[in-house]
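Work through the following exercises with the sequence and the coordinates open beside you, and try each task before reading its solution.

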Amino acid sequence: MTLESVARKDFRDALRSRWLLGLTLFFALLIGGSTALFYGVLLSGAGANSETLFGLTTAPGGLFNFSYAGMLGFVLALIALVTAHGSLIDERESGTIKLLLSLPNSRRDVVFGKLVGRTLVVIISMLVGFVVALFAMLFTGGQVMFVSYAGQVALSGLLATAFVSIGVWLSATSASQRQALFGTVGLYFIFAVLWSTVATGVPRLVNWVIEQLGLTALTAPQIVQMRLFIKYLNPLRAYETLVAELYGPAVAARLFKAGLGERLAIEATFSEALPFYFTGPFILAILLAWIVVPPLLGYRAFQKADL
Amino acid sequence: MAAIELNGVTKRFEDDEGLFDSLLPSSDADAVTAVDDLTFSVAEGEVFGFLGPNGAGKSTTINMLLDFVRPTSGSVRVLGHDAQAESVAVRRRTGVLPEGYDVYDRLTGREHVEFAIESKEADDDPDELLSRVGLDPDEADRRAGGYSKGMSQRLALAMALAGSPDLLVLDEPSSGLDPAGAREMRDIVRTEADRGATVFFSSHVLGQVEAVCDRVGIMRDGELIAEDTIEGLRSRIETDSVLRIDVDGDAALDAVRALDGVSSVETDGDRLIVGCTDDAKSRVIEAVEAGGATVADFETDSASLEDIFLAYTEGDDSAGEPEVTA
């Protein structure tokens, strides 16, 4: 199985470069450290459980929202993109890919071997962070809700994998390291910043066009649904709402961070029956699609490329 | 069965900058034809020297054998397999020393060789391969990032030899090697050929291939301009001469070129350099004088193999350069 030997070689390279070590320390400090700080200093003693930090923190009246998952998602996405964006283009630019492909490795083995190797690097370092956090909670007397916690770790792994996939796609389709770097910055900006603007803007634009045509404008619930649908196509948001669902009902998870007006417009409809495209399994399928589709597109481009 | 078989192979490179450029319309002006309608074959067990100056299309041809680059048209078969569709099957039985490669900085020399052995599912002893190419155990345990060009070249050769391949494809194997290293390289090529392997290797220096090759092909501007045995090339030495004539006045170059037995005509200031057969010499001088110029002096050499190679490869399409036909 040469996919395996490509993955193993790639992983060993990450070990040698101390990238894995650096990431492990980073996640231990970030996840473990923030947990220790939260339960050790801010909220010590009885009544503290893992939901307090990892679940949804919403102040009354929706004035203030904080989600640990949202923050962790941003960080994981960035780390995964940085880890994966050079996976293929670096080897192409240096010429090591010619050694790799002089041996009986297929291009498929190379693309998916890289995907496996880089995913392991991000996931292993992330897991260490979560394990440190677990111990931090146990030592400070916090109560750990193991099922939700395990679910959160698993979802975080899926999100990291999705962004490694996107990074590998980027690396496979780029013609230079510079292009891959710009692509990384651009994609991150799209997922982290631009997407919500688009999600808000598209329904408005559609509504404006409909009004120009003299047709019946969209209803408020329709506008909210359209915005939410676009929003949850973003793997970062899909991840966040899936984590929220670990700690509460699906409707609340889908409307997490929604404004008061939007809640009033849609909550009743959702509580009656959540449309299938807002159910947990559907959102999970979106997240999984981000894992599967980008490497296939990347493989297709890489398969055709002259080295 | 032929070990390598190219049939009407053309490779045009579009100036494609990838993702972003692919969105723009491409123009033909950006395209370069690196290999043009190339047809030749290499028999099993043969040692084939692939000659030509840099940029002649040698590496592009080799890259098509290995599926690094895809032909625009034509078919490439290696060891009976389609080079593109069945590339992995080709590479399972082929040892490759590619051009423009780099070693993995953080892996040791031995790890490189172990990786090659593992990928080919072979059972070679890595130390034996390393010592064959002249890397001692101390060097093999160092990370390859610190290797010199010559050491990298030896390491890549060791990787190519893993699994006793049926075909060795070596792209400029002597580059980066000192003369002693180049000789060791030739010894290895001979040993592999004696074992029964087909060897296909490229060089821009004739001297490196003439001692080991059964047959050579010479590339220029993407075309194979000659394909012959070393003996065939040598036989040209006996018949070919180089005539250097110092001329006063304008020589009638076209008249000289048109003569029987004249293979090339070149000018260097007032000097005329003519490649021709021995019996054509006097006709050349007569033609120059008949054209109204005066022959001040002349000398003649018999052509060396190197001269023939240079005559084949150094010309371009501008006037006054040698025009040689195979």
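**Exercise 1. Polar pairs and the interface**

Task: Determine how many residue pairs are in polar contact between chain B and chain A, and which elements of chain B supply the touching side.

Solution. Start with the conventions: the model is predicted, so that local features need pLDDT of at least 70 and side-chain atom pairs count only at pLDDT 80 or more, while totals for chains, interfaces and linings use all residues. Residues are numbered from 1 along each chain as its sequence is written, chains are lettered from A and ligands numbered from 1 in the order in which they are written, and side-chain values use heavy atoms, with hydrogens and water left out.

Step 1. Between chain B and chain A, 16 residue pairs are in polar contact, both residues being at pLDDT 80 or more; a polar contact is a pair of N or O atoms within 3.5 Å, where within protein one must be able to donate a hydrogen and the other to accept it, and residues adjacent in sequence count only if both atoms are side-chain atoms.

Step 2. On the side of chain B that touches chain A, the elements giving two or more residues are β1 (2-13), α2 (87-92), β6 (94-97), α3 (109-119) and α6 (149-161) of chain B, where helices (H or I, at least four residues) and strands (E, at least two) are DSSP runs numbered from the N terminus.

Step 3. The most is given by α3(B), with six residues.

Step 4. By class, this side of chain B divides into 16 nonpolar, seven polar and 13 charged residues.

Step 5. Six salt bridges are counted between chain B and chain A, a salt bridge being a side-chain nitrogen of Lys or Arg within 4 Å of a carboxyl oxygen of Asp or Glu; one of the salt bridges joins A:R8 to B:E118, with the closest N and O atoms 2.8 Å apart.

**Exercise 2. The sheet of four strands**

Task: Give the strand order of the open sheet of four strands in chain B, and explain why one side of β2(B) and of β5(B) is left without a neighbour.

Solution. Step 1. The order is β2-β1-β4-β5 (chain B), with antiparallel pairing; two strands pair if DSSP finds at least two bridges between them.

Step 2. Because β2 (32-43) and β5 (81-82) of chain B stand at the edges with a single partner strand each, one side of each has no neighbour in the sheet.

Step 3. Eight bridges join β1(B) to β2(B), and B:F13 has B:V32 as its bridge partner in β2(B).

Step 4. Five bridges pair β1(B) with β4 (residues 73-78) of chain B in the antiparallel sense; in β4(B), B:S75 stands opposite B:N7, and B:R77 is the bridge partner of B:E5.

**Exercise 3. The sheet of six strands**

Task: Find the strand order of the open sheet of six strands in chain B, and identify its edge strands.

Solution. Step 1. The order reads β6-β7-β8-β3-β9-β10 (chain B), with mixed pairing.

Step 2. The edge strands, each pairing on one side only, are β6 and β10 (223-229) of chain B.

Step 3. Four bridges pair β6(B) with β7 (residues 167-171) of chain B in the parallel sense, and B:V96 stands opposite B:V169 in β7(B).

How values were computed
Ala, Val, Leu, Ile, Met, Phe, Trp, Tyr, Cys and Pro count as nonpolar, Asp, Glu, Lys and Arg as charged, and the others, Gly among them, as polar.
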